[in-house]
Amino acid sequence: MKNVVIVESPAKAKTINRYLGKDFTVLASFGHIRDLPSKNGSVRPEESFAMTWETDERAKKHIAEIAKAVRGADHLYLATDPDREGEAISWHVQQVLSERGDLSPQTNVHRIVFHEITKTAVQHALAHPRAINQELVEAYLARRALDYLVGFTLSPVLWRKLPGSRSAGRVQSVALRLVVEREAEIEVFKPQEYWSITAQLMTPRKEKFIGRLTHLNGKKLDKFDLSTQSQAEAACEAVRQQDLSVATLEKRQAKRHPAAPFITSTLQQEASRKLGYGASRTMQLAQRLYEGVDIGGETTGLITYMRTDSIQIANEALGAARDYIERSYGKPYLPPSPRVFKNKSKNAQEAHEAIRPTEVSRRPEDVRGYLDEAQFKLYELIWKRTVASQMESALFDQVTVEMASPNKQIILRATGSTMTFDGFLKLYQEGVDEDSDKDEEDRLLPILSMGEAISQNQVTPNQHFTQPPPRYSEASLVKKLEELGIGRPSTYASIIHVLQERDYVRLEKRQFIPEERGRLVTTFLVNFFNKYVQYGFTADLEEELDEISQGHLPWKTVLTRFWGPFYETADATQNLRTTEVIDRLEHDLSFHLFPGEDETTRVCPTCKTGRVSLKLSRFGAFLGCSNYPDCRYTRPLSANADEAAAAAPEEPKEMGNDPDTEEVITLRKGPYGYYLQWGDETTVSAQKAVKKEAKEEEAPKKGKGTKKKKAAKSTKPKPKRVSLPATTAPDDVTLEMALQLKRLPFVVGEHPDSGQRLSVGLGRFGPYVKFGDQFASIPKTYDFLALTLEEAVHIVNAKIQKGVSGTRPKRGKFGGAKKGAAKGKTAKPE
């Protein structure tokens, strides 16, 4: 019997091939085998949203291999990933094979899914096949059509009305709005002063503790009641005048419960908080752990499927976790029954199980020797979170004490807690997005009793200022998108990737800062496409897509309801004048463009008569004089980058010692940017001299003339230097990163199609993959120091395809779906 199994990646194909017998042929589709071509007319609303699909040259080769294997097969098993995208790939494979005539009537086509790559899971899937889920496919078609229509309609409008813009997208533009609006909140924020009063108190037994003033003159203090130093000093004096005693004493026991197992979004958030990994890198590492690692000659997947928003765990895995907890920690750490978590997501879909280890008994230390450092850290995080989720709660004794004056006009409060049982905290504690001051509840209090006299040692006024909201990190942005219902777990990494690739935002010290281009695009869309960048509208549309996947809503109905009003909105921008665009942008961005200035002070510094205002050119936006061309004064929108560079430290910063050479590695700033240096001229010269002497002692002695000749040829040695990638902030450099940069360039393997050697290097324009005598830039969202062969192949193929595809479409009304794309550009919807 001849059976063919189709999976997405060659790594997965290799692993699964080992599980199945000689009657099975396992092939990879290498992801999607076709997509909507980047040109007008790929989605045609006037033809009931008919779509035209295109297969690139790389995919044609893989299709030919699959078609050859399928001919005469008894069974075709479509085993792509267990989510909406995986369902779509299976559908595309079946459609293409049918259109080519490669599927005979005798070939039975099955869809199989597994959430972990283990022999047991694969064999179970083969025993329980099903048909392709048409509802999931229709949800994919609707999402793909929406993204195309928005991108190919909005992007050309931006190119014409806002030169310098890259593209817009249905979800990416809303995510960008979050970042831009948060930055605007920070810029307009005005700190407000307030004071608090603390007192160092003491029991009759000389035990000290801290109390905080909560009531003054018989009134409970609000945050801003003490707004000046004089008020605070008066409050301190009022406290000093009073005798205090314990007025109330409250004790209670509190429980802290473990967090649920990881879903895609929470894994991305926690990996960002604890490991410093970006969303894309986290997903790349998780993909490797899922697809399989060679352990002792056997390849097996270490975690379940990583694109999921379900927090459920299979009963078999629950039992294994509980057995491990009882065996390793004892019965006190095991709850009476398994923990069941409720999913907060109304439309939880994608895969049907949380991200967990395939075998709980496979501890992190057991696999450390088979994983690189980054993979190990992520596996350890997943393993600990899974096991901790089934452990007993932590217990705390919490105490709240109030010390009052005899007339109750002055009341101070002290709180504290003691952990009486660590429970799940013995293994794992969830991270937080922002560092906060140690809460008073973390303090230990002495034993106190009602009516006991309390003396004062010192009463102190404390000045505070309100703080602006923090910038979004990758973790907090993903969390916010999830809270708003924008996007889905499987799309968060790509959303962040697009924003960075389009240079709409930059990541500094793990925080997102909008670029000028991003601010302009958001302001334009809020003014002229407001409905379509509203958080509620985008979330409602996501819910409708989920309704399609559940069979509750026809997919073309959703597209029809969206397209009509959207097309009318885009059509209305045709007569939009440039001056109107500039006026709106300048009005909304005035606080950012002209900080601390008003209409009377925006006088041109060159001609003294013109007014500095926003200008648009084909190269982008800038500030210029209204008296142009008589006055040619201009300046960029912002000098933030220059200010940051000027403020950067100039002194070399020691990173640590190289374990191989024992040289000190330093981070330095040169005329062309930052670089890492191993040792210095003196140490390098000394090391080489020692080596030279050692060689001369071992080698037979030669004539004096030979020695003189060698001395004449010697030159002053230079220390090893490696440039810092432009996307890496100096503060983010670690010793581990320096040692990784040292090995550049390095070979990742050979291209499966051409056989060319693929190597990773770093040049003046950033990291790249070299293949033959050509170079392909590595996108910012890839961790180029940990680039895999599969990722390198994908980057090279994209470069090759970009070079051979894409005739430029003719200019039309929008340059998009209806009339054609803008001249010289091809929109790239997300």
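A residue counts as buried here when its relative accessible area is under 20%, as exposed when that area is over 50%, and as partly exposed in between. Keep that in mind as we walk through this structure, which is a predicted model.

Let's start with a pair of residues that puts the definition to use. W563 and F566 are both buried. They sit three residues apart in helix α17 (residues 555-571), so about one helical turn separates them. In general, an α-helix has 3.6 residues a turn, so residues three or four places apart point the same way. The rings of W563 and F566 make an aromatic pair of the tilted kind, with 6.2 Å from centre to centre and 45° between the planes. They have company, too: ring pairs tie F524, F528, F529, Y532, F537, F562, W563, F566 and Y567 together into a cluster.

Some of those names come up again when we look at the nonpolar interior. The largest nonpolar core has 156 residues, and the members that touch the most others are F114, L378, F524, L525 and F529. Helix α5 (residues 134-161) supplies the largest share of this core, with 14 residues. A second core lies apart from it, made of 28 residues that include Y674, A738, I795 and V796. Back in the largest core, what does L525 touch, once residues up to four places away in sequence are set aside? Its partners are L154, L158, A168, S173, N530 and V533.

Helix α5 (residues 134-161) is a handy landmark for the next stop. S549 belongs to helix α16 (residues 535-549). With a relative accessible area of 9%, S549 counts as buried. Beyond its neighbours within four places in sequence, S549 is in contact with R84, E135, L136 and A139.

Now for more aromatic rings. The structure has 21 aromatic pairs in total. In one of them, Y194 and F224, the ring centres are 5.6 Å apart and the planes meet at 80°, so this pair is edge-to-face. It bridges distant parts of the chain, 30 residues apart: Y194 is in strand β7 (residues 193-202), while F224 is in the loop between β9 (219-220) and α7 (229-240). Are the two partners buried or partly exposed? Y194 counts as buried because its relative accessibility is 16%, whereas F224, at 34%, counts as partly exposed.

Rings also meet charges in this model. R177 lies over the face of Y535, at 5.2 Å from the ring centre. Elsewhere, R602 places its charged end over the ring of F594, 3.6 Å from the centre of that ring.

Next, helix α13 (residues 474-484), where E474, A475, S476, L477, V478 and L481 are buried. What do the buried residues of α13 pack against? The list takes in the helices α6 (172-188), α8 (264-275), α9 (279-291) and α14 (492-501), along with strands β16 and β17. Just after α13 comes G485, with a positive phi near 75°.

Those two strands are worth a look of their own. β16 (residues 505-508) and β17 (residues 511-514) pair in the antiparallel sense, over four bridges. Across the pairing, R506 in β16 stands opposite I513 in β17. The two strands form a hairpin with two residues between them, and K509 there takes a positive phi near 50°.

Further along, there is an open sheet of three strands in the order β18-β19-β20, with antiparallel pairing. Strands β18 (612-617) and β20 (634-635) are at the edges with a single partner strand each, so one side of each has no neighbour in the sheet. β19 (residues 620-625) and β20 are joined by two bridges, and L623 stands opposite R635 in β20. Helix α18 (residues 578-593) lies across β18, β19 and β20, and runs at about 130° to β18.

We finish in helix α23 (residues 789-804), which holds N797. This residue is buried, because its relative accessible area is 10%. N797 and D753 are 44 residues apart along the chain, and their C-alpha atoms are separated by 9.9 Å. Setting aside neighbours within four places in sequence, N797 is in contact with R58 and H751.

Conventions
Residues are numbered from 1 along each chain as its sequence is written. This is a predicted model: local features need pLDDT of at least 70, side-chain atom pairs count only at pLDDT 80 or more; totals for chains, interfaces and linings use all residues. Side-chain values use heavy atoms; hydrogens and water are left out. Two strands pair if DSSP finds at least two bridges between them. A nonpolar core is a set of buried Ala, Val, Leu, Ile, Met, Phe, Trp, Tyr and Cys residues joined through side-chain atoms within 4.5 Å. Buried means under 20% relative accessible area, exposed over 50%, partly exposed in between (1.4 Å probe, protein chains only). Contact means heavy atoms within 4.5 Å. Rings of Phe, Tyr and Trp (its six-membered ring) pair if their centres lie within 6.5 Å; planes under 30 degrees apart count as stacked, over 60 as edge-to-face and the rest as tilted. A charge sits over a ring if NZ of Lys or CZ of Arg is within 6 Å of the ring centre and within 35 degrees of the ring normal. Axes are lines fitted to C-alpha atoms, for helices over the stretch in contact, and angles run from 0 to 180 degrees between N-to-C directions.
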